[in-house]
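Here are a few friendly notes to read alongside the model. Keep the 3D view open and turn it as you go.

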Amino acid sequence: GFTLGGIDEALDPEVRVGLAIDADGRVHGITSWLPVFGPHGTTTGWTLDVMRRLPDGFRPVTEFLIASACLSFAQWVSLSGAPLAHSGEDELGGLSSLLDRLGAMLEPLYGFRSLDAFKAKFQPRHVPMFMVFRDEAALPRISLALTEAYLPDATTADLAKAGLDVALRRSDD
């Protein structure tokens, strides 16, 4: 889990890829880093895109690969966003509550909060991310596009079950 990128993005010559390979040639993990462009098309930093590890491999391989990238890149790095992982801040009023419930509902399908907990071990500086759109009427299409990006294999039944699970947990409280 925890990735929007894939092989197509990792094959781009602008992308940096980290591999953890043992003495026997077995690949234990991979990360890919997308360039962040600044003025005049210069690369000013790198953002984490893909991170994968073997289920039965060297357990902290992803941490090793991220730390190695941080040490080797001369610029800053971003661990990317963890959308719908509640920050604990209530900057958005009632919208924060809605997004928090949505994050709880989708956690079993994607793991936004566990992704955020994973990234916390690197003591990142949190920077808010905002999505700007012209018209509220675009929100249904935006929601569908985001669902497809983060949960490409989720069926309508999966989403309904996740919502029902959250509703049942709330009624037990």
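**Notes on the sheet, a helix and the core**

1. Let's start with one strand pair: E1 and strand E2 (residues 27-37) run antiparallel to each other, joined over six bridges. Two strands count as paired if DSSP finds at least two bridges between them. Strands (E, at least two residues) and helices (H or I, at least four) are DSSP runs, numbered from the N terminus. Within this pair, Val17 sits opposite Ser32 of E2.

2. A word on the source: this is a predicted model, where local features need pLDDT of at least 70 and side-chain atom pairs count only at pLDDT 80 or more, while totals for chains, interfaces and linings use all residues. Residues are numbered from 1 along each chain as its sequence is written, and side-chain values use heavy atoms, leaving out hydrogens and water.

3. Now the whole sheet: it is open, with four strands in the order E1-E2-E3-E4 and mixed pairing. Strand E1 (16-21) and strand E4 (76-78) are at the edges with a single partner strand each, so one side of each lacks a neighbour in the sheet.

4. Next, look at Trp33. Leaving aside residues up to four places away in sequence, Trp33 has contacts (heavy atoms within 4.5 Å) with residues including Val15, Trp46, Leu48, Ile66 and Phe73.

5. Finally, find helix H4: its buried residues (under 20% relative accessible area, 1.4 Å probe, protein chains only) are Phe112, Leu115, Phe118 and Lys119. These four cover an arc of only 120 degrees around the axis (taken from the directions from the helix axis to the C-beta atoms), which puts them on the same side of H4.

Notes
Buried means under 20% relative accessible area, exposed over 50%, partly exposed in between (1.4 Å probe, protein chains only).
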